[in-house]
Amino acid sequence: MWYTLAGSLNSIFILISLYGIWSQVKMVWDRKAAARTALGVNGSESEKPTDLLSLNQFTVSFLAYCSFFVYGYSIRPFNHFIVWPRMIAAMLILVLLWEIYTDRKTKLAFASSMMAAVIMFLALSGLMISRVFDGTFIDEGREVSQSLIVLVTLFLAQGYAHQISLIWKSGKTGAVSLKMSQFILAMDVTTILFAFAMGLQTGWPLLFLATVSAITKMAIMYLFRWVEFSPRARQRRSGFA
């Protein structure tokens, strides 16, 4: 009963966090539309649609969601609470990676978006194989995904540290969405509860990643307030401009 309750609560907040990721995608699209309008009206470019979005952070976020997507269908019983929301989240992050590439046109952004697309294709293929062959490759998939989750968590900490550093140095939040951090933090808290409900033997990857993610989200949320009220942030914005 506790497992079902915790899983259901986590799923609800994951769905809410999906809205947070969607709000980030929409913010980029809105800024892109505003940039086109500004260019058409006065012939000058406005701030880039993906300004201050860390390619590093979103690439690692994609890997985190995708690795849990694989993990969810690699354990038994098949964990619907983990699989489907993470699959949607990974796809939304993939859209963001593509938007970063189309905005910046760098080789690194192109490589990141293409790598993510290939990994997403392989992950979806793995899901279909696991269902068709009824878990023939489950043990291998679980071991690979657990190792990947540990590695991804370390990269996630580094990726969010990079995003935090960009805000700290510039004194502004640019295209970073506060809603996304708030909703994902709520998801992280319920994910931690769900990990305990699953039992640490199975749920430790969830616990590890969600704890690291929650700490970084709280730091980013603090920086939104710091940017608004800190004289140092105003000074850095002036210097950045």
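I will talk through a few helices of this structure, then one buried side chain, and then a nonpolar patch on the surface. Please keep in mind throughout that this is a predicted model.

Let me begin with helix α2, which covers residues 55-74 and has 20 residues. From its first C-alpha to its last it reaches 28 Å, close to the 28 Å expected at 1.5 Å a residue. As for its surroundings, 18 of the 20 residues of α2 are buried, so this helix is largely enclosed by the rest of the structure.

Helix α3, residues 80-104, can be put through the length check as well: its 25 residues should span 36 Å at 1.5 Å a residue, and the end C-alpha atoms are indeed 36 Å apart, which agrees. After α3 comes K105, and the phi of K105 is positive, near 55°.

Moving on to helix α4, residues 107-132, I would like to point out S125, which sits in that helix. S125 has a relative accessible area of 17%, and because the cut-off for buried is under 20%, S125 counts as buried. A polar atom of the S125 side chain lies 2.8 Å from the backbone oxygen of F121.

Finally, the surface. W2, L5, L9, V189 and L193 make a nonpolar patch of about 460 Å². Two helices, α1 (2-42) and α6 (178-198), each supply at least two residues of this patch, and α1 gives the most, with three residues. On the α6 side, one of the patch residues is L193, which at 37% relative accessibility counts as partly exposed.

Definitions and conventions: Residues numbered from 1 in each chain as written. Predicted model: local features only at pLDDT ≥ 70, side-chain atom pairs only at ≥ 80, totals over all residues. Heavy atoms only, no water. Helix = DSSP H or I, 4+ residues; strand = E, 2+ residues; numbered from the N terminus. Expected span 1.5 Å × (residues − 1). Buried < 20%, exposed > 50% of the residue type's maximum accessible area, 1.4 Å probe, protein only. Polar contact = N/O pair within 3.5 Å; in protein donor to acceptor, adjacent residues only side chain to side chain. Patch = residues over 30% accessible without salt bridge, like charges linked within 9 Å, V, L, I, M, F, W, Y side chains within 5 Å. Areas by Shrake-Rupley, 256 points an atom, 1.4 Å probe, with all protein chains shown as cover. Salt bridge = Lys/Arg side-chain N within 4 Å of Asp/Glu carboxyl O.
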